[in-house]
Amino acid sequence: VLAMPFAHIEVQSTDGDLHIRLTRKGKVLMTRGKPRPPDAAADLAHNRPKDYLLVPREHGAFLRALGIADRRGQVRPTMQGKFAQVNEFLRIIDQTVVPLVRGGGPMCLVDCGCGSAHLTFAAYHFLHDVRGLDVRVAGIDVKADLVRNCEALRDELGWQGLEYSACTIRDFQPPSPVDAVLSLHACDTATDEAIASGVQWTSRVILAAPCCQHELHHQLDAASFRPLLRHGILRERLADLLTDTFRALALRIMGYRTAVVEFVSPEHTAKNLLIRAEAGLKRGQREFVREYATLRDFWKVRPAIEQLLGEGFVRLLSVE
């Protein structure tokens with residue numbers, strides 16, 4: 001206020017009026033008043049509601065239990081980004097996973113690197129309570145304290161279709177055939193573990209939004225790109241793009257139709273890329289094998305996804 005070239009400010013809102021006055025001695029005086037009757041009804045045509053699958057006014061109790069909403073059922077300011085991410089992830093699940101199993105048996109989803117399990121809980125709630133599907137959702141995380149917290153909340157909610165495991169992604173054994181593998185911002189090569197495990201579990205859908213990834217950062221070596229690689233931030237961004245490119249190509253080689261898309265606006269998270277893969281291609285198509293090998297050999301790298309997919313993937317590469 002002191003930096004503004006005004007001695008008196010009045011702010012009107014529908015909740016009330018705010019009066020701010022700056023005295024000659026530099027003292028700030030502030031008072032609040034009741035809202036004045038408006039001269040005309042406010043035109044809110046520009047204020048379009050967000051098209052969320054989990055609308056706070058309808059799912060407030062669940063969102064409060066998850067810590068996303070406050071006691072009034074409104075999304076907390078600090079959770080707006082997470083709320084948007086989860087909703088958009090659910091939209092993609094609704095578009096890609098639900099059509100595969102509707103009318104069939106129980107659906108099985110595995111959330112790899114679930115952390116505090118906002119996505120795990122939301123996926124179960126949406127599929128079971130909103131879509132009315134028979135669903136089992138498993139959350140995996142290496143942090144035992146987070147898993148205990150998730151189990152406590154699950155028991156408090158009385159949800160029977162949720163299971164949590166404190167283990168690595170590679171050590172987890174799915175309780176039934178997997179329909180979808182989810183991974184929302186699993187750090188570094190944990191995303192590769194989620195993708196590789198999804199392939200080995202013959203999951204019908206793999207949805208992975210990568211987070212921080214460092215494994216190629218120091219492997220990159222190409223003389224013609226030395227001016228780019230000299231700068232840390234440019235090297236980092238290039239490594240991120242290449243990492244996700246190798247992941248997408250590896251999935252295509254393993255028989256998945258794959259796309260890399262933005263799943264949420266950058267205002268909600270800078271890590272807004274999603275690798276979306278659906279089973280249905282023939283494995284080992286030469287075009288994709290050739291692209292992968294050429295890119296890998298040019299940059300002189302050995303991506304983690306290649307190592308995690310194991311001998312079956314290596315054999316497909318050797319065909320070329």
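## A tour of a pocket and three helix pairs

Start by selecting Gly113, Cys114, Gly115, Asp141 and Ala186: of the 23 residues that line the largest pocket, these lie nearest its centre. A pocket here is an open set of points on a 1 Å grid over the protein atoms alone, where a 1.4 Å probe fits and protein lies on both sides within 12 Å along at least five of seven lines; lining residues have an atom within 4 Å of a point.

Before moving on, note that this is a predicted model, where local features need pLDDT of at least 70, side-chain atom pairs count only at pLDDT 80 or more, and totals for chains, interfaces and linings use all residues. Residues are numbered from 1 along each chain as its sequence is written, and side-chain values use heavy atoms, with hydrogens and water left out.

Back to the pocket. Its volume, the space filled by probe spheres set on the points, is about 460 Å³. Now colour helix 4 (118-130), strand 5 (135-141) and helix 6 (190-200), each of which supplies at least two lining residues. Helices (H or I, at least four residues) and strands (E, at least two) are DSSP runs, numbered from the N terminus. Colour the lining by class and you get twelve nonpolar, six polar and five charged residues.

**Next stop: helix 4 and helix 2**

Keep helix 4 on and add helix 2 (residues 80-96): the two pack at about 45 degrees, with their axes 10 Å apart. Axes are lines fitted to C-alpha atoms over the stretch in contact, and angles run from 0 to 180 degrees between N-to-C directions. That angle makes helix 2 oblique to helix 4 (under 35 degrees counts as roughly parallel, over 145 as roughly antiparallel, 65 to 115 as roughly perpendicular, and the rest as oblique). Show Phe89 and Ile93 of helix 2 with Ala122 and Phe126 of helix 4, which are among the residues making the contact (heavy atoms within 4.5 Å).

**Then helix 1**

Swap helix 2 for helix 1 (residues 56-66). The axes of helix 1 and helix 4 come within 11 Å and cross at roughly 160 degrees, so this pair is roughly antiparallel. On helix 1, pick His59, Phe62 and Leu66; their partners on helix 4 include Phe121 and His125. This contact has five nonpolar, three polar and no charged residues.

**Last stop: helices 8 and 9**

How do helix 8 (residues 232-253) and helix 9 (residues 286-299) cross? Their axes come within 9 Å and cross at roughly 150 degrees, which makes helix 8 roughly antiparallel to helix 9. Select Leu242 and Phe246 of helix 8 and Tyr292 and Trp299 of helix 9, among the residues making the contact. Its residues divide into eleven nonpolar, one polar and three charged.

Definitions and conventions. Ala, Val, Leu, Ile, Met, Phe, Trp, Tyr, Cys and Pro count as nonpolar, Asp, Glu, Lys and Arg as charged, and the others, Gly among them, as polar.
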